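Reader: Got a minute? I want to go through this one with you, step by step.
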Amino acid sequence: MKRPSVLFTVISLAAACIATAAPGGGGDRTKTFTVGKGGTLEVTIRGGNIIINPWDRDEVLVRIKGVDDGEDPALRMVQSGTTVRIEDTDGSSDDLTLDVSLPSRFDIRLQSSSGDIQVNGPLTG
């Protein structure tokens, strides 16, 4: 009766290795900025997608999706007053997706040379 448990263990380990090695299967990184309504988000990235999600909180939550373990995307994220700036510092953002939640009353200036830009919901800026 040991064979089924050994077989199950081998299959489970193989599946875990495949999932870890799968391209685009990276994790997420997050950063939160406390802001007020009427602020500005400025994003300039060479590649990659930008998704904007308006919400009713006074904060900007940036999720960087598709980051592999051990990888540090070269994105500079800074806040000055109620302005949040995100920029690609070395052009390595092609496989990333920036998923940004921000106040529904916020200005946005977005630029991606080769990615899609999507706004999910009403935004007043």
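Author: Sure. Start with pLDDT, the predictor's confidence in each residue, from 0 to 100. This is a predicted model.

Reader: What does the protein chain average in pLDDT?
Author: The average is 80. Of the residues, 73% score at least 70.

Reader: Where does pLDDT stay under 50?
Author: Over residues 12-25. The model has zero contacts beyond four places in sequence for that stretch.

Reader: OK, new topic. How many helices and strands are there?
Author: One helix and nine strands. Along the sequence the helix comes before the strands: α-β-β-β-β-β-β-β-β-β.

Reader: And contacts along the protein chain, what share links residues 24 or more positions apart?
Author: 80%, counting contacts with a separation of 6 or more.

Reader: How much of the protein chain is buried?
Author: Buried residues are 32% of the 125. The accessible surface is about 7,600 Å². Carbon and sulfur atoms hold 50% of that surface.

Reader: Let's zoom in. Why is strand β2 largely enclosed?
Author: Strand β2 covers residues 39-45, and five of those seven residues are buried, so the rest of the structure largely encloses it.

Reader: Which way do β2 and β8 run, parallel or antiparallel?
Author: Parallel, with seven bridges joining them.

Reader: And what about β2 and β6?
Author: Those two also pair in the parallel sense, over five bridges. Strand β6 spans residues 83-88.

Reader: Which residue of β6 stands opposite T44?
Author: E87.

Reader: And in β8, what is opposite I45?
Author: S112. That residue lies in strand β8, residues 106-112.

Reader: Is S112 buried or exposed?
Author: Buried. Its relative accessibility is 15%, and buried means under 20%, so S112 makes the cut.

Reader: What does S112 touch, leaving aside neighbours within four places in sequence?
Author: I45, R46, G47, G48, I50 and I117. You met I45 already: it stands opposite S112.

Reader: And the side chain of S112, which backbone nitrogen lies 3.1 Å from a polar atom there?
Author: The one of G115.

Reader: One last thing. In a regular strand, where do the side chains go?
Author: They alternate between the two faces of the sheet.

Reader: Great. Quick recap of β2?
Author: β2 pairs with β8 over seven bridges, and with β6 over five. Five of the seven residues in β2 are buried.

Conventions: Residues are numbered from 1 along each chain as its sequence is written. Side-chain values use heavy atoms; hydrogens and water are left out. Helices (H or I, at least four residues) and strands (E, at least two) are DSSP runs, numbered from the N terminus. Buried means under 20% relative accessible area, exposed over 50%, partly exposed in between (1.4 Å probe, protein chains only). Contact means heavy atoms within 4.5 Å. Accessible areas come from the Shrake-Rupley method with a 1.4 Å probe; for residues, only the protein chains shown count as cover. A polar contact is a pair of N or O atoms within 3.5 Å; within protein, one must be able to donate a hydrogen and the other to accept it, and residues adjacent in sequence count only if both atoms are side-chain atoms. Two strands pair if DSSP finds at least two bridges between them.
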